[in-house]
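Dear colleague,

Please find below the structure that I am handing over to you. My notes on what was found in it follow directly after.

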Amino acid sequence: MALALALGARGLGRVWPNPAVGCVIVNGGRIVGRGWTAPGGRPHAEPLALAQAGAAARGATAYVSLEPCSHHGQTPPCAEALVAAGVARVVSALEDPDPRVAGRGHAILRGAGIAVETGVMAEAARRSHRGFLLNRTEGRPLVTLKLATSFDGRIATASGESRWITGEGARRLVHAQRARHDAVMVGGGTARADDPDLTVRGLGVAHQPVRVVLSRGLDLPREGRLAATAASVPLWLCHGPDAAPERCEHWQRLGARLIEGAIGADGQLDPAATLQALGAAGLTRVFCEGGGSLGAALLAAGLVDELVGFTAGLALGAEGRPALGALGLARLAEAPRFRLIETRAIGDDVMHRWERA
């Protein structure tokens, strides 16, 4: 199952709206087939592993990191493919909460006389599939908030200089983390101030995540990098109902997809409603890179599932720009809490990962 989970993780960021599933087929103590969800979400992991196993799948055990699907979509049900191949036993990590499946895949297998064991490495599978599970149970994607700061929590000097606080190794790892998410998201202020590409670079990766920008009024640079690449790299712009029609038409002509969102009590795009819209569009994993106002809004709304921090060994002082906007906290007990799950040195910087407590 550990191998199935590792194989499935190869598809993270490339298979949405489907889950990144891995499958390992074992017969006589020997691995005879391996598969993971292909880019774009099809073929699924099970038929790929079965094709590799061939006749050796008969009487074998299939280890699958999520319940095999039971519904007819663009491909036949994986549960039926396992039955047809003559597999004798299926071990799965989790039941699929998708209402089209939700135990039906396991039922098909049991109905065909196949032994089914569930819950193996369930906690590891929940972490691996968290984005897909959130999409199916809460209607929104997983949100990873990344902050790259000085030792004292600043992201730029008072004049706005920020390139580069962290070193080359940390920046390279950020690109790898982008590649493992369906989308990279920033606020309009960051898009205006930094003119970012929001692409994966330097890793030889052809696939690019969707670029998502939240801008109530769509007042974004028309000559910037996002505009120049809107037709070649997916660009989704989340805006308010009061965005000027002329701006909407301009960005649509460039090739951007527009998503209208609700306005919250603070007069900005409501983060919960925006994530619901992104979830409805199929996204399961979103990598948020700021700015401070958007990060604070997501934290205040309890919508950040994972924090990734890169801390550099320099200090910028109180006049530097803080990593987060105001959270409006009156008491320490009101602060959102996270649990440390990893820390390691990346060159001269420190990376630390936290998950919501």
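I begin with helix H6, which lies across S6, S12 and strand S16 (349–356) and runs at about 130 degrees to S6. Please bear in mind throughout that this is a predicted model. Within H6, the residues Gly131, Phe132, Leu133, Leu134 and Asn135 are buried. Their cover includes H5, strand S6 (142–149), helix H11 (271–280) and strand S12 (285–288). After H6 comes glycine 139, which has a positive phi near 80 degrees.

The sheet of nine strands

The strands touched by H6 belong to an open sheet of 9 strands with mixed pairing, in the order S11-S10-S9-S8-S12-S6-S13-S16-S15. Its edges are formed by strand S11 (257–260) and strand S15 (338–346); each has a single partner strand, so one side of each lacks a neighbour in the sheet. On average, neighbouring strands here are turned by 20 degrees against each other, direction ignored.

Within this sheet, S6 and strand S13 (residues 306–311) are paired in the parallel sense over 6 bridges. One of the bridge partners can be named: leucine 147 is matched with glycine 309 in S13. Helix H12 (residues 292–300) also packs on the sheet, where it touches S6, strand S8 (183–187), strand S9 (210–214), S12 and S15. The direction of H12 makes about 105 degrees with that of S8.

The sheet of five strands

There is also an open sheet of 5 strands, again with mixed pairing, in the order S2-S1-S3-S4-S5. Strand S2 (30–36) and strand S5 (115–117) are the edge strands; each has a single partner strand, so one side of each is left without a neighbour in the sheet. The twist from one strand to the next averages 15 degrees. Helix H1 (residues 2–9) packs on this sheet and touches strand S1 (22–27), S2 and strand S3 (61–64), with its direction at about 145 degrees to that of S1.

Two of the pairings deserve a description. S1 and S2 pair in the antiparallel sense over 6 bridges, and cysteine 23 stands opposite glycine 35 in S2. These two strands form a hairpin with 2 residues between them, and glycine 28 in the turn has a positive phi of about 65 degrees. At the other edge, strand S4 (residues 89–92) and S5 pair in the parallel sense over 3 bridges, with valine 90 opposite valine 116 in S5.

The nonpolar cores

The largest nonpolar core has 33 residues, and Ile25 and Val90 are those with the most contacts inside it. At least two residues of this core come from each of H1, S1, helix H2 (45–53), S3, helix H3 (78–84), S4, helix H5 (122–128) and helix H6 (130–138). H2 contributes the most, with 4 residues. A second, separate core has 24 residues, among them Ala183, Cys238, Leu298 and Leu307.

To return to valine 90: leaving aside its neighbours within four places in sequence, its contacts include Ala62, Val64, Pro68, Leu82 and Leu109. Ile114, Ala115, Val116 and Glu117 are also in contact with valine 90.

The annotated positions

The UniProt record, an unreviewed entry, places the feature "binding site" at His44, Cys69 and Cys78. These positions span 35 residues in sequence, yet no two of their C-alpha atoms are more than 9.2 Å apart, so they gather at one spot.

Histidine 44 lies in the loop between S2 and H2. This histidine is buried, because its relative accessible area of 17% falls under the 20% cut-off. Apart from neighbours within four places in sequence, histidine 44 is in contact with Asn18, Thr37, Cys69, Thr75 and Cys78. Cysteine 69 is placed in the loop between S3 and H3 and is likewise buried, with a relative accessible area of 8%. With the same neighbours in sequence left aside, cysteine 69 is in contact with His44, Pro76, Pro77, Cys78, Ala79 and Val101.

The chain as a whole

The protein chain contains 12 helices and 16 strands. Its radius of gyration is 22 Å, which agrees with the value near 21 Å for a compact globule of 357 residues. Along the principal axes, the C-alpha trace spans about 65 × 45 × 40 Å. Of the 357 residues, 48% count as buried. Among contacts between residues at least 6 apart in sequence, 71% join residues at least 24 apart.

With kind regards

Technical notes. Residues numbered from 1 in each chain as written. Predicted model: local features only at pLDDT ≥ 70, side-chain atom pairs only at ≥ 80, totals over all residues. Heavy atoms only, no water. Pairing = 2+ DSSP bridges. Axes fitted to C-alpha atoms, helices over the stretch in contact; angles between N-to-C directions. Contact = heavy atoms within 4.5 Å. Core = buried A, V, L, I, M, F, W, Y, C linked by side-chain atoms within 4.5 Å. Buried < 20%, exposed > 50% of the residue type's maximum accessible area, 1.4 Å probe, protein only. UniProt positions renumbered as here; feature names shortened; annotations may be inferred. Rg over C-alpha atoms; globule rule 2.2 N^0.38 Å.
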